[in-house]
Amino acid sequence: MKTFTLLSVAAVAALATEPVTIQKITVEAAAPKSDATRITADEIVKFSRQSDLGEMLSGALPEITHVRTTAIGNDIVLRGFKKDNLNVTIDDAKICGACPNRMDPPAMHVSSSQIASVEVQEGPFDVTQFGSLGGAINVVTKDPSKGMHGEISATLGSYDYRKVSATVEGGNDAVQALVGYSHETSGQYKDGDGKTLAEQADNATTAGQRYSTAHKNDDAYTRQNFWAKIVGNIGDNQKLTLSYFGDRADDVLYPRYPMDALIDDTDMFKAKYQLFGLGTYSDELSIEAYHSKVKHEMGTDFRAGATSAAATMVSPVDATIKGVRAENTASIAEADVTFGIDLSTRNWNGTKGSRLNPYAQVQIPDADTDNVGVYAKALKTFGALDMSGGLRYDDTHVDADQNLMATAKDRDYDNVSANVLGRYHYSSHGNVFVGAGQSVRVPDARELYFAGGIGNTNLNETINREVDMGVEHTFGNLHLKGTLFYSDLKDYIYAYKTGVSTNTSYANIDARIVGGDVTADYAINNEWSIESGVAYQRGTKKDTSELDALSIAAQTDKDLADIPPLKGRVALVFDDSKNYAEAEWIATRHQTYDENNGEQAIGGYGLLNLKYGTDFGNGFSLTAGINNFFDRTYAVSNSYIGLTTIMEGAQPLVLNEPGRNFYATLSYKF
């Protein structure tokens with residue numbers, strides 16, 4: 001496993017002006033979070049052009065890629081798992097996007113300027129969260145510190161990118177507080193062929209999806225973020241943390257889809273109360289509560305088909321989730337043990353109509369997903385052997401308002417998730433591990449209830465039974481790690497082409513995803529190093545009989561959709577604590593694709609990125625870089641029919657990535 005520290009700067013889609021640590025947690029993280037459950041390499045300073053978390057992770061870890069939808073708001077794919085098959089949390093609290101097209105995935109809603117670290121956990125080994133089918137990603141936001149500190153930064157980049165950000169924090173031993181604000185705008189990026197986002201949309205299958213002449217040169221987006229956190233130390237053994245963040249994204253162009261996001265407003269509140277050292281059976285007792293809300297309005301206002309109010313379509317949707325968790329951690333019989341209870345309620349409601357009546361058609365009928373989960377996990381060391389395991393039981397009820405949609409019916413799901421892992425340290429320089437687990441995720445309201453026959457109220461929950469194994473060894477200055485996994489998916493929820501007017505629906509199929517990754521990092525000396533990594537996964541449908549029965553055409557393609565291709569990264573790095581430079585090469589092979597369900601062939605690519613940074617002293621620093629140095633035209637994601645549910649018959653575009661682009665960020669810390 002490896003730790004990345006990213007000093008992120010924006011060019012096209014955004015920037016992070018603070019170092020961001022991305023910690024890839026191995027599967028033994030099923031045990032309580034502690035140093036014993038994580039393996040990290042030395043932290044190194046890096047840069048990226050993104051504030052978009054999906055792009056940031058995609059550039060950092062070969063086993064992660066992103067689904068390109070526009071300049072921001074790109075979704076995450078980890079080992080071939082995506083959407084609700086991954087849990088994305090912020091400080092262990094959930095946030096759910098409102099858009100049924102995933103214009104606003106959970107990873108979008110946090111500003112990079114807030115991020116202290118990102119924890120990436122692969123496989124079905126997290127029992128603390130509901131629905132971690134194929135992995136979990138947790139964003140840890142910055143805590144305030146004592147004294148008085150702050151940072152101001154400004155970024156300029158290609159395609160009229162602009163961002164300013166400011167953070168102020170301070171306090172004493174009893175109370176610390178932090179507040180922050182950022183504002184960013186960007187024009188439309190151009191791909192390697194010089195085409196803007198709107199010009200790429202000219203390839204849309206429906207004429208109404210193309211942009212009108214009046215809006216072809218609009219900015220890609222405008223965005224504001226603001227956040228605050230207060231930490232109070234109550235006596236010697238109590239701590240209270242209150243936090244809030246807001247995200248306001250306006251007029252975000254989404255050329256991949258028939259609509260754009262006119263409004264995307266997010267608010268999240270969280271409170272956490274901790275008590276320490278309560279006795280033999282409680283080292284720490286924590287109680288936390290959160291409430292997040294997303295208001296999302298899509299519309300065709302910028303498209304060629306919006307010739308009148310009656311011809312302009314709009315879809316207002318909103319999503320909320322609120323939850324409470326109580327967790328107790330203790331050392332019992334020389335084992336670290338955690339018990340917890342986790343409760344949450346997710347609501348999703350959406351309509352569609354013309355500008356004359358946006359509420360004419362119900363799309364998602366005010367659906368609630370109520371979950372109660374209890375879990376336990378433990379870690380114990382037996383000499384050179386570390387053993388960990390976890391167990392979780394979930395009782396889930398999903399219901400919709402039948403007054404809004406008569407065909408909707410309530411569903412109940414009862415599930416058990418469990419895992420076990422052993423790691424054997426055969427020497428001080430290396431170890432091997434083997435783990436097995438079962439995880440579950442239930443259908444969401446879009447998959448169950450979406451209007452027009454797209455939803456399927458008979459869907460079962462998906463069960464992932466997975467085996468992971470790997471080896472890690474250090475040979476002097478060379479650190480190697482390899483991991484293999486086999487994921488058997490029962491009742492995998494899959495979007496398919498029906499061949500009728502609705503074009504898309506969901507079904508349960510049996511499938512498998514297999515793959516692995518290898519990393520090799522070599523320290524040449526104290527200043528120069530080489531980093532490298534490669535990841536591969538392959539997804540296949542084990543049985544297409546149900547799809548054959550439901551589809552008009554036979555499902556002859558065994559390839560599973562949205563499975564990233566072989567991907568590798570190698571970088572030469574110089575770091576003397578004052579200056580940092582990096583030359584990075586990222587390459588992929590062509591992607592396998594599900595032709596039966598809308599995917600198209602995408603070729604491989606190779607990219608050169610150059611990065612440089614320096615610390616001037618007195619608080620000032622500069623970072624700059626060039627991405628896609630050779631101005632390649634390439635794409636990283638495909639056109640799976642499951643990516644859109646808004647317009648009948650619409651085919652998602654294969655949207656190209658940005659061409660050559662430049663960025664520079666000047667920061668001042670005090």
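In this predicted model, strand β4 covers residues 64-67, with Ile 64 and His 66 pointing one way and Thr 65 and Val 67 the other way. Whichever way they point, all of these residues are buried. That pattern fits a general habit of strands: in a regular one, the side chains alternate between the two faces of the sheet. Next door is strand β5 (residues 75-78), which pairs with β4 in the antiparallel sense over four bridges. Following the pairing across, Ile 64 sits opposite Leu 78, while Val 67 faces Asp 75. These two strands belong to an open sheet of three, ordered β4-β5-β6, with antiparallel pairing. Since β4 and β6 (81-82) stand at the edges and have a single partner strand each, one side of each is left without a neighbour in the sheet. Helix α1 packs on this sheet and touches β4 and β5, its direction making about 145 degrees with that of β4.

Helix α1 itself runs over residues 53-60 and is mostly covered, with seven of its eight residues buried. The buried ones are Leu 53, Gly 54, Glu 55, Met 56, Leu 57, Ser 58 and Ala 60. Two of these names, Leu 53 and Leu 57, come up again in the largest nonpolar core, among the residues with the most contacts inside it. That core has 90 residues, and Met 103, Val 120, Tyr 449, Tyr 494 and Leu 560 are also on the list of its best-connected members. Strand β25 (residues 478-497) gives the most to this core, namely seven residues. Beyond its close neighbours in sequence, Tyr 494 is in contact with a long list of residues, including Tyr 506, Ile 509, Leu 547, Leu 560 and Tyr 640. A second, separate core is made of eight residues, among them Ala 201, Ala 204, Tyr 211 and Leu 653.

Charged pairs come next. A search of the whole structure turns up 33 salt bridges. One of them joins the side chains of Asp 267 and Arg 248, at 2.9 Å from N to O. Asp 267 lies in strand β16 (residues 260-279) and Arg 248 in strand β15 (residues 238-252), so this pair ties together parts that are 19 residues apart in sequence. Asp 267 counts as partly exposed, at 21% relative accessibility. Another bridge brings together the side chains of Arg 446 and Asp 444 (3.0 Å, N to O), and both of these residues are buried.

A third bridge links Asp 488 with Lys 542, whose closest N and O atoms are 2.6 Å apart. Here the partners come from strand β25 and strand β27 (residues 528-543), so the pair ties together parts that are 54 residues apart in sequence. Asp 488 is buried, with a relative accessible area of 18%, whereas Lys 542 is partly exposed at 36%. Elsewhere, salt bridges that share partners join Lys 270, Glu 288, Arg 325, Asp 342, Arg 392 and Asp 394 into one network.

A few polar residues in strands round out the picture. Ser 292 is in strand β17 (residues 282-299) and counts as buried, at 2% relative accessibility. Its side chain reaches the backbone oxygen of Lys 94 at 3.3 Å. Leaving aside neighbours within four places in sequence, Ser 292 has contacts that include Lys 94, Cys 96, Asp 267 and Thr 320. Asp 267, then, is a contact of Ser 292 as well as the salt-bridge partner of Arg 248.

Gln 438, in strand β23 (residues 430-441), is partly exposed, with a relative accessible area of 23%. Its side chain makes a polar contact with the side chain of Arg 465 at 2.9 Å, and the backbone oxygen of Val 416 lies 2.9 Å from a polar atom of the Gln 438 side chain. Away from its sequence neighbours, Gln 438 also touches others, including Pro 124, Ser 417 and Ile 463.

Gln 361 belongs to strand β20 (residues 357-382) and is partly exposed, its relative accessible area being 41%. Beyond four places in sequence, Gln 361 is in contact with Gly 350, Thr 351 and Lys 352. Thr 588, located in strand β29 (residues 579-588), is buried at 14% relative accessible area. Its contacts beyond the local sequence are Pro 565, Leu 566, Lys 567, Gly 604 and Tyr 605.

Definitions and conventions:
Residues numbered from 1 in each chain as written. Predicted model: local features only at pLDDT ≥ 70, side-chain atom pairs only at ≥ 80, totals over all residues. Heavy atoms only, no water. Buried < 20%, exposed > 50% of the residue type's maximum accessible area, 1.4 Å probe, protein only. Contact = heavy atoms within 4.5 Å. Polar contact = N/O pair within 3.5 Å; in protein donor to acceptor, adjacent residues only side chain to side chain. Core = buried A, V, L, I, M, F, W, Y, C linked by side-chain atoms within 4.5 Å. Pairing = 2+ DSSP bridges. Axes fitted to C-alpha atoms, helices over the stretch in contact; angles between N-to-C directions. Salt bridge = Lys/Arg side-chain N within 4 Å of Asp/Glu carboxyl O.
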